Each structure stands twice: as C-alpha cells, then as structure tokens.
Amino acid sequence: MEKIVIIPTYNEKENISNILHAIFNLHEGFHVLVIDDGSPDGTADIVKTLQHKFPNQLFLEQRTGKLGLGTAYIHGFKWCIHNGYEFIFEMDADFSHNPADLPRLYDACKNQGADVAVGSRYVKGGGVVNWPANRIILSKGASFYTRVITWMPIKDATAGFVCYKRQVLETINLDEIRFVGYAFQIEMKFAAWKLGFKIKEVPIIFQDRTYGVSKMNKGIIKEGILGVIRLKWQSHFKNYRNRVANNSIGDNSVRFSRKNKTYAQTK
Ligand SMILES: Nc1nc2c(ncn2[C@@H]2O[C@H](COP(=O)(O)OP(=O)(O)OP(=O)(O)O)[C@@H](O)[C@H]2O)c(=O)[nH]1
Ligand SMILES: [Mg+2]
C-alpha cells in the first residue's frame with residue numbers, strides 16, 4: 001500500500017475513463033480512489049465497470065449529493081489512512097493535471113525530503129496552457145493575495161495537484177479543515193506549513209479542461225477571499241497549531257511547546 005491518487009468527481013463522464021487509463025498505463029503502481037458525489041451523468045457507473053478491469057487498484061466511494069471538493073478530499077484522506085497508504089495524492093479528473101507528472105511528485109516526497117509536494121504552475125519550469133486570461137489573473141491573484149496575507153512561502157497556493165506523506169494527513173486534524181473550494185487547498189497547505197512540514201513545489205504545466213464543465217462559482221471565490229483572512233486571524237489569536245493538530249492519534253500524537261512554539265513528535 002504505497003501510493004494512491006484521490007480523484008473527486010462530479011459529472012466527469014467524458015474524462016473519467018481516460019484519466020484512469022492514463023494513470024494505470026503509467027505502470028508505476030498507483031492505486032486510485034474516486035470520490036463521486038452522486039454525479040447525475042453516471043460517472044460512478046463508468047468507474048464500477050472499470051473496477052472489473054482494474055481489481056484491487058481502483059476504488060470508489062459514493063456520496064449522496066454534491067457536498068463539495070473539500071469534504072470529498074477529507075473523506076478520501078480518511079479512507080486512505082485507514083487503508084494504510086503511505087503517499088496520498090490529490091488530482092482533478094479533467095486532465096488539467098497531467099498523470100505523467102505523478103512520479104515527479106512522488107519522487108519529491110520519497111527521495112527529496114519533502115513532506116508535501118505541490119504541482120506548481122508558478123515556479124520556474126511550470127506554466128498554464130489554454131486558460132483564458134481572466135482565470136490566470138484570478139489564480140495568480142489568489143496566490144499573491146495568499147502570500148501577502150499569510151506569508152506562507154508557496155507560489156501556487158491554490159494548487160490541487162499534491163502528494164502528501166501519510167504522516168502529514170495523520171498529524172492534521174482533518175475535522176478542523178472546513179473550507180470547500182480553492183480555500184480548501186490553501187487551508188491544507190497552511191496547516192501543513194504551520195505544523196512544520198516541508199513543502200516543495202514541483203513545476204507542472206496545467207491545461208484547461210477540454211471536456212466537461214467547470215464547477216467553479218462565485219461562492220468559491222468569496223470563500224477564498226474571506227477564508228485566507230480567517231486563516232491568518234486564527235493563526236494569530238486562537239492557538240491555531242494546537243487546534244489544527246490531531247491530538248487523538250495515540251502514539252503518533254503531536255505535542256506543542258507553548259513557549260517556543262516548536263513541535264515534537266512522540267513515538
Ligand atoms: N466529489 C466532488 N468532486 C467535485 C466537486 N466539485 C468539483 N469536483 C471535482 O473536482 C475536480 C476539480 O473541479 P473543476 O470543475 O475542474 O474545477 P477547477 O479545476 O477549479 O475549474 P475548471 O477546470 O475551470 O473546471 C474535478 O475532478 C471535479 O469533477 C464536488 O462537489 N464533489
Ligand atoms: Mg479543472
């Protein structure tokens with residue numbers, strides 16, 4: 001149980017089969033967990049059919065309605081921890097993230113000392129293809145805004161192509177992660193950074209989706225703008241690290257020294 005890619009889906013019937021084949025055709029040993037939110041277009045049925053072709057590699061969790069990207073990932077993280085995976089990836093279904101980049105994210109965590117590897121559009125070697133100017137401005141603006149407010153040293157704060165070492169997801173109290181859209185991606189990175197984990201940005205080329213429709217909306221943008229300020233506020237005044245650390249995981253629990261604010265792991 002080494003590595004697994006979580007793919008949240010809502011109405012991705014045009015993409016889901018191709019993206020799954022692209023991952024399994026890498027022959028790099030990636031398993032996949034699809035979290036489908038009751039897609040009316042039958043995405044989950046396509047996954048179920050493919051489970052016969054990829055037994056013990058392809059898993060499906062079905063939820064009853066569109067409950068949001070953030071909660072889909074939290075559900076997936078808990079499932080992957082429970083099932084013993086060591087490297088847990090986030091990836092979109094729409095080919096914006098190139099499956100061929102998965103091994104580089106894995107390598108950054110496995111061999112280069114990263115706890116979190118972020119597929120980044122805004123570091124040297126990264127980029128965006130086919131995105132309309134307004135989406136680029138929104139995305140770059142969100143990352144810049146996040147850096148100015150939080151001081152988190154990450155160029156692509158909203159990135160959704162990520163590899164987490166298991167320990168990171170075990171250490172974060174996932175029940176305290178509240179946001180749903182881009183703010184969820186920022187919140188996860190912020191929590192990992194505040195807990196002292198090493199985050200490495202790996203350059204990727206991001207492509208706009210060719211098939212299917214965007215689930216982006218104004219609520220997601222609003223959540224991001226207000227959410228970043230809330231994160232910063234909490235991290236100052238509400239002992240953020242104690243709240244966001246998982247203190248209920250027995251031997252692996254994380255304890256904080258209030259005095260010097262560093263954390264130590266107990267074995
Ligand atoms: N399970 C689940 N998946 C979702 C939900 N919203 C979006 N997704 C999936 O999350 C991934 C990212 O969503 P996208 O619509 O591509 O969002 P985006 O990448 O920000 O925007 P576009 O690329 O412009 O469409 C895709 O695989 C979607 O199918 C949701 O509420 N639940
Ligand atoms: Mg997309």
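A helix, as I use the word in these entries, is a DSSP run of H or I with at least four residues, and helices are numbered from the N terminus. I keep in mind throughout that this is a predicted model.

**Entry 1, helix 7.** I looked first at what comes after helix 7, and found that the helix is followed by glycine 196, whose phi is positive, near 90°. Helix 7 itself covers residues 182-194, and its 13 residues reach 18 Å from the first C-alpha to the last, close to the 18 Å expected at 1.5 Å a residue. I then checked burial, counting a residue as buried if 20 or more other C-beta atoms lie within 10 Å of its own. By that count 12 of the 13 residues of helix 7 are buried, so the helix is largely enclosed by the rest of the structure. Among the buried residues I noted Tyr182, Phe184, Glu187, Lys189 and Lys194.

**Entry 2, the sheet.** I traced the strands next and found that 7 of them form an open sheet in the order 3-2-1-4-7-5-8, with mixed pairing. Strand 3 (58-62) and strand 8 stand at the edges with a single partner strand each, so one side of each has no neighbour in the sheet. Neighbouring strands are turned by 20° against each other on average, direction ignored.

**Entry 3, strands 2 and 3, with two helices.** Strand 2 (residues 31-36) and strand 3 run parallel and are joined by 5 bridges; in one pairing, aspartate 36 has glutamine 62 of strand 3 as its bridge partner. Helix 1 (residues 16-24) packs on the sheet, where it touches strand 1, strand 2 and strand 3, and its direction makes about 170° with that of strand 1. Helix 2 (residues 43-53) also packs on the sheet and touches strand 1, strand 2 and strand 3, its direction making about 150° with that of strand 3.

**Entry 4, strand 5.** Which residues cover the two faces of strand 5? I found Val116, Val118 and Ser120 on one side and Ala117 and Gly119 on the other, all of them buried. Strand 5 is joined to strand 7 by 3 bridges and runs antiparallel to it, while 5 bridges join strand 5 to strand 8, these two running parallel. Alanine 117 has cysteine 163 as its bridge partner in strand 7, and alanine 117 stands opposite lysine 200 in strand 8.

**Entry 5, helix 4.** In helix 4 (residues 102-110) I listed Leu102, Leu105, Tyr106, Ala108 and Cys109 as buried. These residues cover an arc of only 155° around the axis, which puts them on the same side of helix 4. They pack against several strands, including strand 1 (3-9), strand 4 (87-90) and strand 5 (116-120).

Conventions. Residues numbered from 1 in each chain as written. Chains lettered and ligands numbered in written order. Predicted model: local features only at pLDDT ≥ 70, side-chain atom pairs only at ≥ 80, totals over all residues. Arc of directions from axis to C-beta. Contact = placed C-beta atoms within 7 Å. Pairing = 2+ DSSP bridges. Axes fitted to C-alpha atoms, helices over the stretch in contact; angles between N-to-C directions. Expected span 1.5 Å × (residues − 1).
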